[in-house]
Amino acid sequence: MTQVLFTQEQIQERVRSLAIQISFQNNPENHSRVMIGVLNGAFMFFADLVRNMEVDCEIDFIQAKSYLGQTQDEIKLLKDISNSITGKDVYIVDDIFDSGNTMRYLLAHLQAKGPRSITSVTLFKRHHSYMENLVYGFELQNEAWLVGYGLDNTGGFKRNKSYITGELLDD
């Protein structure tokens, strides 16, 4: 049965704390950050995150497709970033870290552009997934396909909800 798993209030509180963490983590001189949003699923999380940042940000977007419906498929880069990231501190912001295949693909792609540092940020991370230095908002235990707050159902709908719905799987 589909139910609300994360309320708007829970999401916004966690996004604010992530923005503070990213603003000041390893940044004693308050340097600007390059924030790269992964389209389409992370657009709401990305907008709220950068809105809450306490340091200046350069903004860019990248888009990759890795799912066909609810099944993982070959990863394809659909849109690349527009600006140079050479020598800069970069944060790539995605909606969910599941298998990690898409994030690893995007990290390798962006690393080739010569940033000083690159850090992955996701709103959600599956409990069985691991990536060194991953910054994430919520760890998922037994939640199935999530919908809302930028994440869509298989038809591309319900991205505009301010909360997250889904189903809990049996353990």
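Student: In this predicted model, which residues does Ser-162 touch once those up to four places away in sequence are not counted?
Tutor: The model is a prediction, and Ser-162 is found in the loop between β7 and β8, the latter spanning 164–166. Leaving out residues up to four places away in sequence, the residues that Ser-162 touches are Gln-8, Ile-11 and Tyr-149.

Student: Does Ser-162 count as buried, partly exposed or exposed?
Tutor: A residue is buried under 20% relative accessible area and exposed over 50%, with partly exposed in between. The relative accessibility of Ser-162 is 26%, so Ser-162 counts as partly exposed.

Student: What separates the C-alpha atoms of Ser-162 and Met-44 in space?
Tutor: Along the chain, Ser-162 and Met-44 are 118 residues apart. In space, the separation of their C-alpha atoms is 8.6 Å.

Student: Tyr-149 is in contact with Ser-162; what is its relative accessible area?
Tutor: The place of Tyr-149 is in the loop between β7 and β8, and its phi is positive, about 50°, although Tyr-149 is not a glycine. Tyr-149 counts as buried because its relative accessible area is 2%.

Student: Which residues are in contact with Asp-48, leaving aside its neighbours within four places in sequence?
Tutor: Asp-48 lies in helix α2, which covers residues 43–51. With a relative accessibility of 11%, it falls under the 20% limit and therefore counts as buried. Once neighbours within four places in sequence are left aside, the contacts of Asp-48 are Gln-12, Val-15 and Tyr-149.

Student: Asn-133 also has a positive phi although it is not a glycine; is Asn-133 buried or exposed?
Tutor: The phi of Asn-133 is about 65°, and the residue has its place in the loop between β6 (117–126) and β7. Its relative accessible area is 59%, which is over the 50% limit, so Asn-133 is exposed.

Student: Where is a cis peptide bond, and what is its omega?
Tutor: One of the two residues concerned, Asn-40, lies in the loop between β2 (33–39) and α2. The cis peptide bond joins Leu-39 and Asn-40, with an omega of about 5°.

Student: How many aromatic pairs are there, and what angle lies between the planes of Phe-6 and Phe-138?
Tutor: The count of aromatic pairs comes to 4. Phe-6 and Phe-138 form one such pair, described as tilted, with a centre-to-centre distance of 4.7 Å and an angle between the planes of 45°.

Student: How many residues apart are the two partners of that pair?
Tutor: Phe-6 is in strand β1 (residues 3–6) and Phe-138 is in strand β7 (residues 135–140), and the pair thus links distant parts of the chain. Phe-6 is buried with a relative accessible area of 9%, and Phe-138 also counts as buried, at 15%. Along the sequence, the two are apart by 132 residues.

Student: Which residues do ring pairs link into a cluster?
Tutor: Phe-138 touches, among others, Phe-6, Gln-10, Arg-14, Leu-123 and Phe-124, when residues up to four places away in sequence are not counted. Ring pairs link three of the aromatic residues into a cluster, namely Phe-6, Phe-124 and Phe-138.

Student: How far apart in space are Phe-138 and Cys-57, C-alpha to C-alpha?
Tutor: In sequence, Phe-138 and Cys-57 are 81 residues apart. From C-alpha to C-alpha, their distance in space is 23 Å.

Student: Turning to the whole chain, in what order do the elements run from the N terminus on?
Tutor: The secondary structure comes to 3 helices and 8 strands. Taken from the N terminus on, the order of these elements is β-α-β-α-β-β-β-α-β-β-β.

Student: What is the radius of gyration of the protein?
Tutor: For 171 residues, the globule rule gives 16 Å, and the protein comes close to that, so it is as compact as a globular protein of that length. Along the principal axes, its C-alpha atoms fill a box of roughly 50 × 35 × 25 Å. The radius of gyration itself is 16 Å.

Student: What share of the contacts between residues at least 6 apart in sequence joins residues at least 24 apart?
Tutor: Buried residues make up 46% of the 171 residues. Among the contacts between residues at least 6 apart in sequence, the share joining residues at least 24 apart is 63%.

Student: How far apart do the centres of the positive and negative side chains lie?
Tutor: The protein exposes about 9,000 Å², of which carbon and sulfur atoms supply 47%. It has 16 positive and 22 negative side chains, and the distance between the centres of the two sets is 4 Å.

Technical notes: Residues numbered from 1 in each chain as written. Predicted model: local features only at pLDDT ≥ 70, side-chain atom pairs only at ≥ 80, totals over all residues. Heavy atoms only, no water. Helix = DSSP H or I, 4+ residues; strand = E, 2+ residues; numbered from the N terminus. Rg over C-alpha atoms; globule rule 2.2 N^0.38 Å. Buried < 20%, exposed > 50% of the residue type's maximum accessible area, 1.4 Å probe, protein only. Contact = heavy atoms within 4.5 Å. Areas by Shrake-Rupley, 256 points an atom, 1.4 Å probe, with all protein chains shown as cover. Lys, Arg positive; Asp, Glu negative; His and termini not counted. Charge placed at Lys NZ, Arg CZ, Asp CG, Glu CD. Phe/Tyr/Trp six-rings, centres within 6.5 Å; stacked < 30°, edge-to-face > 60°.
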